[in-house]
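Biologist: Please put the model on the screen. I will ask about a few places in the chain, and you can reason through each one.

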Amino acid sequence: MQKKLAAEFFGTFWLVLGGCGSAVLAAAFPTLGIGFAGVALAFGLTVLTMAYAVGPISGGHFNPAVSVGLAVAGRFSWGELIPYIIAQVVGAAAAAAVLYVIASGKADFALGGFAANGYGEHSPGKYSMVAALVCEVVMTAFFLLVILGATGKKAAPGFAPIAIGLCLTLIHLISIPVTNTSVNPARSTGQALFVGGWALEQLWLFWVAPIVGAAIGAVIHNALLSHED
């Protein structure tokens with residue numbers, strides 16, 4: 001269990017540092033910024049790389065919603081859920097702290113949104129709470145469909161991290177303008193702890209929507225798409 005929790009800590013740490021770090025440090029860098037597409041790719045690459053690196057140890061969740069979805073689908077023990085979530089949230093917060101130290105070293109540093117997730121006035125495209133809720137539920141549901149399908153017994157062995165990483169990239173390409181893309185309560189929590197104020201007030205949505213979406217995805221998969229038999 002200790003190795004599993006360490007794997008989840010470092011996997012989530014890398015996801016937040018790589019994904020949110022690309023958004024904070026590189027997305028709008030003058031003339032050479034990577035933009036939304038670069039940030040989306042960065043999030044996908046973090047999951048792809050750490051799924052190969054530590055996935056064999058812990059399953060490579062790096063996300064409380066994924067852990068819940070896998071438990072609903074019968075692929076993960078409910079008894080390990082809380083320790084996994086704690087490790088993921090702590091990993092995300094640690095990565096946000098490291099990112100803050102790096103970002104604040106810039107001469108004209110201003111915290112700004114710090115890649116936090118939000119809706120309404122704090123949505124990149126000023127999307128409503130309902131739009132943000134629907135977006136996060138649907139995106140997380142499809143994320144679970146891809147995860148469960150790609151890791152099934154009849155799936156091509158060894159390719160699951162690629163499918164999952166590219167799926168997360170696609171999710172970000174779709175939804176960054178809506179919420180800055182969460183689909184991961186730990187990722188949202190780490191950034192919100194440093195932004196405070198509005199980010200903490202809106203954090204509830206980025207726990208509720210991804211977890212509900214993950215559960216929906218798991219139920220749909222088991223009812224209609226499972227190839228375990």
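Biologist: Leaving aside neighbours within four places in sequence, which residues is Phe194 in contact with?

Modeller: This is a predicted model, where local features need pLDDT of at least 70 and side-chain atom pairs count only at pLDDT 80 or more, while totals for chains, interfaces and linings use all residues. Residues are numbered from 1 along each chain as its sequence is written, and side-chain values use heavy atoms, with hydrogens and water left out. Contact means heavy atoms within 4.5 Å. By that rule, the partners of Phe194 are Ala93, Ala96, Ala97, Tyr100, Leu111 and Phe114.

Biologist: Is Phe194 buried, partly exposed or exposed?

Modeller: Phe194 lies in helix H7, residues 185-195; helices here are DSSP runs (H or I, at least four residues), numbered from the N terminus. Buried means under 20% relative accessible area, exposed over 50%, and partly exposed in between, with a 1.4 Å probe and protein chains only. The relative accessible area of Phe194 is 29%, so Phe194 is partly exposed.

Biologist: What is the separation of the C-alpha atoms of Phe194 and Leu111?

Modeller: Along the chain, Phe194 and Leu111 are 83 residues apart. In space, their C-alpha atoms are separated by 8.7 Å.

Biologist: Which residue in the loop between helix H2 and helix H3 should I look at?

Modeller: Helix H2 covers 35-58 and helix H3 covers 64-72. One residue in the loop between them has a positive phi, near 55 degrees, although that residue is other than glycine. With a relative accessible area of 1%, the residue is buried. The residue is Phe62.

Biologist: What is the phi of Val183?

Modeller: Val183 sits in the loop between helix H6 (160-179) and H7. Val183 is buried, at 1% relative accessible area. As a residue other than glycine, Val183 has a positive phi, near 50 degrees.

Biologist: How many residues apart are Lys4 and Glu80, the pair that links distant parts of the chain?

Modeller: Side chains of opposite charge can pair when their charged atoms come close. A salt bridge is a side-chain nitrogen of Lys or Arg within 4 Å of a carboxyl oxygen of Asp or Glu, and Lys4 and Glu80 meet in one at 3.3 Å, N to O. Lys4 is in helix H1 and Glu80 in the loop between H3 and H4, and the two are 76 residues apart.

Biologist: Which residue forms a salt bridge with Lys106?

Modeller: The count comes to two salt bridges. In the bridge of Lys106, the closest N and O atoms are 2.7 Å apart. The partner is exposed, with a relative accessible area of 58%, and its name is Asp108.
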